[in-house]
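Me: I'm new to reading protein structures, and I'd like to take a close look at just one part of this one. Could you walk me through the metal site and what surrounds it?

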Amino acid sequence: MDKIEHIGIAVKNLKDSNALFTKLMGVEPYKMEEVASEGVRTSFFKSGPNKVELLEATTTESPIAKFLEKKGEGIHHIAFAVEDIKKEMARLQEEGFVLLNEKPKKGADNKWVAFLHPKGTNGVLVELCQEIKEE
Ligand code: ZN
């Protein structure tokens, strides 16, 4: 695995949290994107090498809606950048980690993503992400 690509934070209201994180990080979000398949609306902030993703639920079935219900707002996942997501998924599976998706899927911010079940990672939802390169 490479560096931490971003930290994902579950929020109740993206508009309010965008204003809050703009104040906190001193920059506006550089991207806002809805991932309909995941039932989330996201925004991304970048300050120096650090990236933060805010996630708001768009449906009651959204994993974010369920997370908010159970735990409230807060850190939702840590994303690691990887060079070759399929290879890394195979390696982690071999190590006994439980993957939440069998194949990489298209996530926000132009990335292939895969998640590890938090029950195998001390309660932390881990995201792997690989930049989607133009062919
Ligand atoms: Zn993420």
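Reply: Both E53 and H77 are buried, in what is a predicted model. Being buried here means having under 20% relative accessible area. These two residues help hold the zinc ion, which is coordinated by H6 through NE2, E53 through OE, H77 through NE2 and E127 through OE, at 2.1 Å. Along the chain, the donors follow the spacing H-x46-E-x23-H-x49-E. E53 belongs to strand β4 (residues 50–57) and H77 to strand β5, so this pair ties together parts that are 24 residues apart in sequence.

What is the geometry of the zinc site? The angles among its four donor atoms go from 81 to 171 degrees, and the site is irregular. To count as tetrahedral, four donors would need all their angles between 85 and 135 degrees, so a range of 81 to 171 degrees does not qualify.

Now let's follow the strands around the site. Strand β1 (residues 4–10) pairs with strand β5 (residues 74–81) in the antiparallel sense, over six bridges. The donor H6 takes part in this pairing, with A79 as its bridge partner in β5. Strand β5 also runs parallel to strand β8 (residues 126–131), and four bridges join them. Here I78 stands opposite V126 in β8.

Step back a little, and these strands turn out to be part of an open sheet of eight strands, in the order β2-β3-β4-β1-β5-β8-β7-β6, with mixed pairing. Which strands stand at the edges? They are β2 (31–35) and β6 (105–107), and each has a single partner strand, so one side of each is left without a neighbour in the sheet. On average, neighbouring strands of this sheet are turned by 35 degrees against each other, direction ignored. At the β6 edge, three bridges pair β6 with strand β7 (residues 111–116) in the antiparallel sense, and K106 stands opposite W112 in β7.

Finally, a helix joins the picture. Helix α1 (residues 14–25) packs on the sheet and touches β1, β2, β3 (40–47) and β4. The direction of α1 makes about 5 degrees with that of β3. So, back to where you started: the zinc ion has H6, E53, H77 and E127 as its ligands, and strands β4, β1, β5 and β8 follow one another in the order of the sheet.

Note on methods: Residues numbered from 1 in each chain as written. Predicted model: local features only at pLDDT ≥ 70, side-chain atom pairs only at ≥ 80, totals over all residues. Heavy atoms only, no water. Pairing = 2+ DSSP bridges. Helix = DSSP H or I, 4+ residues; strand = E, 2+ residues; numbered from the N terminus. Donors = N, O, S within 2.8 Å, 3.2 Å for Na, K, Ca; no water. Tetrahedral: all angles 85-135°; square planar, octahedral: opposite > 155°, others 65-115°. Buried < 20%, exposed > 50% of the residue type's maximum accessible area, 1.4 Å probe, protein only. Axes fitted to C-alpha atoms, helices over the stretch in contact; angles between N-to-C directions. Contact = heavy atoms within 4.5 Å.
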